[in-house]
Amino acid sequence: MFKPSLVPHTLLLAGGIVLTVAVLVASETGNIRLRESYTDVIRSQRVQTELAALNSELVNAEAGQRGFLITGKESYLEPYYKALPRINELMAQIRADYAQDRDGLRMFGDTSRLISSKLNEMALTLVYGKRDLEVALDLVRTDYGKQTMDNARRDLENLLAREAGSVSHRLEGADRNVQLSRYGIALLTAINIMLLVAIGLGHARRLSQAEAERSQLEEEGVRLDRKVRARTRQLSALAGHLQRVTEDEKTRLARELHDELGAILTAIKLDLHWVRRRVQDTQPEAAEKLSRVMLHVDQGIQIKRRLIEDLRPTVLLNLGLRAALCQLVEDVGTRNNWETEVRVPEDLPPLRDDAAIALYRIVQESLTNASKYSEARHVRVWLDFTTTQLTLTVRDDGKGMPPDFDAGSTSGHHGLLGMEQRVTALGGSMRIDSSPSSGVSIRVEVPLTASVLAPAEVPESET
Ligand SMILES: Nc1ncnc2c1ncn2[C@@H]1O[C@H](COP(=O)(O)OP(=O)(O)OP(=O)(O)O)[C@@H](O)[C@H]1O
Ligand SMILES: [Mg+2]
């Protein structure tokens, strides 16, 4: 499923993500605990303030009670009356603050009972005191009030100490959480840096691998291109060589046919002529037979001439390319009932034999194709030249190449390919234009170089 090289990276990434999430969760939990700790600390400090205030209000109330009992003046009761609502209010606040703290609530419950009983004792002494101070003082002297007050204050001191302890405990915990959070963030940063480095290194490695593969492919492409070019050159050279060999062979065959077969046929014809003269009077029937044989020999000589002409157009060799092309176009045009047009300059530069034969064969194959496929009515052959180049155009007004014609496919079709090879061997180029409305046009351009021009015509710079 995964590419092998990607597996470690994917694992690394997945591991990194899991670790990051874990550290984030731990850090968030720590933060929540930290917030809780701070809330507790604030509550604890508030409770401490309230406990201290309660303590001092109790002292105020007791001081008011004592002042009144000692002096008998009601004005000394002012702090007592002020302290009472404040004490109730503070006790309610402290109870509310201990709502979430069961132990605290229980402990404060005990303290509250002591405070209530102290307040009752004070209220009682004051009720008695207003009637008879001595009775009230006797009540005070029982020490019950002092003990209750001492116990209440001790409880308040304990509660204060408990809150102070809880504050420092909470602060220590908060400190630990902050520390843990810092470690978590440091760990997260380290993991992220490691991941980034690992991913960066992997990416760089993949990039350099891709670069190496690309340059390897490029080299391979260049090597293949060079090989294909070399092979194409070799094949072109081979095709050129084969065409030359074929032309040489045709020339040799034409010469053999002309010299050997021609001589024999001519000798036979002469001898037959001689024999017929001798037997003409004595054996007229035999003379008649001989005349028929001589007719057959004449046909044989005609066939031999045509064969020789096809193999090696004598008019091309004897009268040159212009005359040969004119004759060829006229012959083929007459056979196909075409209107023909030949335009070849009279001052055509003399060409090498193989160049002239190549151009002749190209026209020959183009005309053969036109007669086989084009259904044309008008065919024209133009040959033109400049100082550097020769241009040959064969054009018909037929139906054009088949729409599905594939110039690359050569199976069973060698005419156009042979033409192209001949042009390549001359160092030139060939272009085929075709459309159903304007037929087929074949345009060949050949540079006038040493391999094309007859030796006397080659400019000095080219020899
Ligand atoms: N003048 C033309 N008009 C219409 N179609 C043409 C013309 N010349 C060539 N073609 C088409 O191009 C094809 C290839 O021609 P090419 O000369 O290469 O092969 P061929 O004539 O079929 O066979 P070969 O020349 O080897 O005997 C032909 O089969 C024909 O369909
Ligand atoms: Mg052909």
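This note goes through the sheet, the helices packed around it and the surroundings of ligand 1 in a predicted model.

1. **The sheet as a whole.** Start with the strands. Five of them form an open sheet. Their order is β1-β2-β3-β5-β4, and the pairing is mixed. The edge strands are β1 (339-343) and β4, each of which pairs on one side only. Direction ignored, neighbouring strands of this sheet are turned by 10° against each other on average.

2. **The β1 edge.** β1 pairs with strand β2, residues 378-385. The sense is parallel, and five bridges hold the pairing. For a landmark, find Glu 341, which stands opposite Arg 380 in β2.

3. **β3 beside β5.** Strand β3 covers residues 389-396, and strand β5 covers residues 439-447. The two run antiparallel and are joined by seven bridges. Thr 391 is a useful place to look: its bridge partner in β5 is Glu 445.

4. **The β4 edge.** Strand β4 spans residues 429-435. Seven bridges join β4 to β5, and here too the strands run antiparallel. Ile 432 has Ile 442 of β5 as its bridge partner. The connection is a hairpin, with three residues leading from β4 to β5.

5. **Helices on the sheet.** Two helices deserve a look here. Helix α8, residues 321-336, lies across β1 and β2. Its direction is at about 175° to β1. Helix α9 also packs on the sheet, where α9 touches β2, β3 and β5. The direction of α9 makes about 15° with that of β3.

6. **α9 against α10.** Which way do α9 and α10 run relative to each other? Their axes cross at roughly 160° and come within 10 Å. An angle over 145 degrees counts as roughly antiparallel, and α9 and α10 are therefore roughly antiparallel to each other. The crossing of this pair is left-handed. On the α9 side, the contact uses Ala 358, Arg 361, Ile 362, Glu 365 and Asn 369. These meet Gly 415, Gly 418, Met 419 and Arg 422 of α10. The contact has three nonpolar, three polar and three charged residues.

7. **α5 against α10.** Helix α5 runs from 144 to 279. It packs with α10 at an angle of about 100°, and the two axes are 9 Å apart. Angles of 65 to 115 degrees count as roughly perpendicular, so α5 and α10 fall in that class. From α5, the contact takes Ser 236, Ala 239, Gly 240 and Gln 243. From α10, it takes Gln 421, Arg 422, Thr 424 and Ala 425. By class, there are two nonpolar, five polar and one charged residues in this contact. Note that Arg 422 belongs to the contact with α9 and to the contact with α5.

8. **α5 against α6.** How do α5 and helix α6 lie relative to each other? Helix α6 takes in residues 284-311. The axes of α5 and α6 come within 9 Å and cross at roughly 165°. The pair is therefore roughly antiparallel. α5 passes α6 in a left-handed crossing. Their contact has 19 nonpolar, five polar and four charged residues.

9. **Around ligand 1.** Which residues come nearest to ligand 1? There are 16 residues around the ligand, and the nearest are Asn 369, Tyr 373, His 413, Gly 415 and Leu 416. Two elements give two or more residues to this shell: α9 (353-374) and α10 (415-425). α9 gives the most, with four residues. By class, the shell has eight nonpolar, seven polar and one charged residues.

10. **Linking the ligand to the helix pair.** Points 6 and 9 can be read together. Asn 369 and Gly 415 are among the residues nearest ligand 1. Asn 369 in α9 and Gly 415 in α10 also belong to the contact of the two helices. α9, in turn, packs on the sheet. A reader starting at the ligand can follow α9 to β2, β3 and β5, which α9 touches.

How values were computed: Residues numbered from 1 in each chain as written. Chains lettered and ligands numbered in written order. Predicted model: local features only at pLDDT ≥ 70, side-chain atom pairs only at ≥ 80, totals over all residues. Near = placed C-beta within 6 Å. Nonpolar A, V, L, I, M, F, W, Y, C, P; charged D, E, K, R; others polar. Pairing = 2+ DSSP bridges. Axes fitted to C-alpha atoms, helices over the stretch in contact; angles between N-to-C directions. Parallel < 35°, antiparallel > 145°, perpendicular 65-115°, else oblique. Left-handed = near helix turned anticlockwise from the far one by under 90°. Contact = placed C-beta atoms within 7 Å.
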